[in-house]
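Take a look at the protein chain below. This report goes through it step by step, from single residues to the chain as a whole.

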Amino acid sequence: MRIPSPYNLNFRAKTVDVEEEEENRGPYPFAFMATTALDFNSSNALTNVSCVDAEREALLKFKHDLTDPLRCLLSWTGERCCEWGGVACDKRTGHVWKLDLHNCSLGGKIHPALCKLKNLTDLDLSLNNLSGHLPDQIGNFKDLESLGLSSNSFSGPIPATVGQLSSLGHLDLSHNNLSGSIPESIGRLSNLELMEFGYNRLDGIFSELHLANLTNLTFLSLSSNELVINVSASWVPPFQISFIDLSSCKVGPEFPNWLRTQRYIFWLFMSNASISGEVPHWLPDVLSHIWTLDLSGNMLKGDISKIIGEKTPQLSVLLLSGNNLTGDISNLFCTLHELNWLDLSKNQLSGRLPRCWGKSVPSLIWISLGENKLNGPIPSSLCNLEILKFLGLHKNGFNGVLPECLVKLDLHILDLSDNLFTGKIPPFTSEEFEVIDLGRNYFTGDIPLSLCRFPNLQYLSLAHNNLSGGIPPCFSNFSLMWANNNFIPLTSAYGGRLWFPIMVDMKGTSREFTSTLSYLFSIDLSSNALEGQIPEGLTRLARLQNFNLSRNRLIGKIPSDIGNLTYLESLDLSNNKLSGEVPPSISNLRFLSSLDLSFNSLSGRVPSSNQLSTLDAQSIYRGNDELCGAPLSKACPGDDHNDMDRRGGHNMNEDESDEGDSVVVWFYSGLGSGFTAAFLGLCGILHFKQTWRISYFRAVDRIIEKLLIAKMVILLWLKRAFQF
């Protein structure tokens with residue numbers, strides 16, 4: 001069987017043998033796509049080919065509407081357009097047949113004149129900053145075989161004239177801002193092999209009419225739109241497809257029945273597709289060639305063995321999290337020899353971890369089995385997974401002591417929280433740790449000093465255990481948390497959306513972090529039996545956002561340089577035995593939105609700042625009887641003298657206020673008497689001067705007459721306007 005490869009570096013998909021693609025399989029076929037440089041000298045060999053004048057003018061008009069920050073169009077001058085960068089011409093006729101300007105950061109809009117290149121067979125403008133609507137004239141490209149406009153900012157609808165591109169084999173409009181419905185005329189493109197509309201704002205119904213005549217279709221992606229997939233259960237597709245991505249579209253509630261006719265599906269993505277109900281019995285037959293399967297975030301029911309097992313020997317990536325799947329997984333994976341990525345979290349799975357790992361399944365990189373009903377100890381066979389980087393077993397019933405061999409694994413993320421593990425925390429040796437969550441277990445003993453050897457650590461939770469001893473001062477070696485460290489988000493290295501959900505106790509509540517966990521710096525050692533003082537060196541971790549040492553037996557003072565934790569948002573030191581003053585530097589924490597120092601033995605004056613004044617003082621400081629000063633009701637020693645000064649100043653202010661009030665009274669008194677004298681003077685003049693008196697009353701009569709006339713005009717206008 002030969003399939004189109006979605007891994008090639010060029011836009012045009014090529015046909016390759018399945019065996020040639022074995023090395024390239026991964027969770028998302030485009031996740032590892034490299035961007036190749038555009039060869040602007042590709043047409044230099046055609047120096048003897050004449051350029052068609054009309055096509056050169058069309059290219060120049062197209063260029064005129066563009067911005068070119070990378071100067072990809074620098075060579076677009078002169079008469080010989082076949083020698084311009086990104087342009088290829090037919091050797092015999094001189095007509096432009098290819099225009100490849102991908103990854104040039106071009107801005108602007110597509111000039112309709114570009115559609116005059118009627119002999120164009122390959123147009124690639126992907127990976128630019130082009131905007132505006134797609135021109136309706138796009139249907140003029142009758143010979144166009146490949147159209148790549150992905151990763152731009154195009155908006156508006158997909159022109160219905162796209163259905164006139166009868167020769168089109170590859171159509172990629174993904175990663176834009178296109179809206180509206182997909183035109184049904186797409187269904188007339190019988191030569192179409194690749195249809196990629198993912199990551200837009202498309203909506204409406206997508207039915208079998210859109211696929212009616214696509215007999216050559218092997219690649220279909222409609223993901224991350226608002227589309228409703230409405231295909232009849234009795235419909236039989238005219239194609240055999242290899243790649244399907246309908247993630248974040250409304251496919252359900254039923255599992256799409258038309259898939260049962262497909263026999264060569266290698267990649268199937270239907271996460272968050274509103275599918276519910278039982279797993280169809282025919283699904284294993286459809287998945288006999290599957291490499292990557294993502295059905296996460298649905299409401300599928302049934303035994304997981306109805307999906308995977310002996311009939312899916314080539315399975316490399318399995319993502320089924322967030323469903324209602326059941327079944328025992330103890331022997332489930334022993335035949336999946338090619339498995340690399342496994343996420344079955346948030347289901348109802350039971351049983352113990354398989355003991356066949358390492359021998360039968362040696363290539364596992366990612367294991368996420370959190371929030372199930374699994375139990376038993378971690379088998380030592382897990383330690384044979386030499387390339388394992390991610391292990392998430394949180395919120396299960398696992399118990400026992402962690403195997404010593406676990407320390408040999410080169411893990412990046414370890415989440416064993418919310419289980420029943422006992423014994424001491426083993427001395428992990430990997431220096432690649434980025435996230436460690438061992439919270440809510442029954443670990444005992446001291447915190448191992450080996451944890452200090454993790455320079456890349458940005459999340460550490462040992463909360464809710466039975467740990468004792470002191471906080472290792474060498475925690476200050478977490479250099480990724482230093483202020484001057486060049487921080488790169490963890491998601492950039494592992495494909496973004498494949499991320500463990502971790503519950504973080506922060507700001508007094510439990511919050512689930514998923515993809516945003518890569519931006520969180522947190523240390524949580526709360527609810528243990530830790531003793532001793534808070535190491536001063538921890539204030540070196542300036543990037544810390546969440547710092548929780550509550551419910552321990554810590555003594556001594558709060559580090560005086562606590563204000564160096566400039567990014568701190570949540571600080572909880574409550575329920576310890578801390579003493580001394582609250583450091584004044586705490587007022588420097590301008591991002592602090594949650595502070596709890598309650599139930600300690602703190603004393604002295606409470607620091608003040610604009611940020612601290614926004615917090616609830618009563619809950620922050622309660623249980624510290626020796627604290628005083630605003631905003632607390634208890635006054636500090638010496639505040640009485642200050643109060644007297646303030647009262648004396650208050651009396652002076654009252655005298656000044658009284659003096660000001662008297663000035664105001666005299667002003668209005670003088671104003672009233674002046675008005676009275678002026679009014680009586682006017683009346684006296686009118687009484688003794690007859691000519692003035694007559695003129696005055698005539699003027700008053702004229703004013704009254706004009707006001708009455710204006711009133712009548714307004715009433716007549718209103719009567720006509722409203723007909724009452």
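## A buried serine

Which residues does S526 touch, not counting residues up to four places away in sequence? They are A463, H464, N548, L549, S550 and N552. This is a predicted model, and every value here is computed from it.

S526 sits in the loop between β38 (522–524) and β39 (531–532). Is S526 buried or exposed? Buried means under 20% relative accessible area. S526 has 3% relative accessibility, so S526 counts as buried. Its side chain also makes a polar contact of 2.7 Å with the side chain of D524. Now compare sequence with space. S526 and G439 are 87 residues apart in sequence, yet their C-alpha atoms are 9.2 Å apart.

## A buried asparagine

N441 belongs to the loop between β32 (435–437) and β33 (442–446). Its relative accessible area is 3%, so N441 is buried.

What does the side chain of N441 reach? One partner is the backbone nitrogen of N419, at 3.3 Å. In addition, a polar atom of the N441 side chain lies 3.0 Å from the backbone oxygen of L416. Leave aside the neighbours within four places in sequence, and N441 is in contact with L416, S417, D418, N419, L420, F421, H464 and N465. H464 also appears among the residues that S526 touches.

## Backbone exceptions

Most residues other than glycine have a negative phi, and most peptide bonds are trans. Some places in this chain depart from that pattern.

D418, one of the contacts of N441, has a positive phi, near 60°. D418 is placed in the loop between β30 (413–415) and β31 (420–424). With 23% relative accessibility, D418 counts as partly exposed. N103 also has a positive phi, near 60°. N103 lies in the loop between β5 (96–100) and β6 (107–109). N103 is partly exposed, at 35% relative accessibility.

Which residues does a cis peptide bond join, with omega about 15°? They are G252 and P253. P253 is in the loop between β17 (243–245) and β18 (267–269). Another cis bond runs from A630 to P631, with omega near 10°. P631 is in the loop between β46 (626–628) and α6 (639–688).

## Aromatic rings

How many aromatic pairs are there? The count comes to 22. One aromatic cluster is formed by F219, F243, F266, W267, F269 and W291. Elsewhere, a charge meets a ring. R540 lies over the face of W482, 3.7 Å from the ring centre.

## A pocket

Rolling a probe the size of a water molecule over the atoms shows where empty space is left. The second largest pocket has a volume of about 250 Å³. Its lining consists of 20 residues. D505, G508, N548, R551 and D572 lie nearest the centre.

Which elements give two or more residues to this lining? They are β36 (502–506), β37 (509–513), β40 (546–548), β42 (570–572) and β44 (594–596). N548 links back to the opening section, since N548 is among the residues touched by S526.

## The whole chain

Now step back. The protein chain has seven helices and 46 strands. It holds 724 residues, and buried residues make up 50% of them. Take the contacts between residues at least 6 apart in sequence: 54% of these join residues at least 24 apart.

Methods:
Residues numbered from 1 in each chain as written. Predicted model: local features only at pLDDT ≥ 70, side-chain atom pairs only at ≥ 80, totals over all residues. Heavy atoms only, no water. Phe/Tyr/Trp six-rings, centres within 6.5 Å; stacked < 30°, edge-to-face > 60°. Lys NZ or Arg CZ within 6 Å of the ring centre and 35° of its normal. Helix = DSSP H or I, 4+ residues; strand = E, 2+ residues; numbered from the N terminus. Buried < 20%, exposed > 50% of the residue type's maximum accessible area, 1.4 Å probe, protein only. Polar contact = N/O pair within 3.5 Å; in protein donor to acceptor, adjacent residues only side chain to side chain. Contact = heavy atoms within 4.5 Å. 1 Å grid on protein atoms, 1.4 Å probe; cavity = no way out; pocket = protein on both sides within 12 Å on 5 of 7 lines; lining within 4 Å. Points joined across faces, edges and corners; volume = space filled by probe spheres on them.
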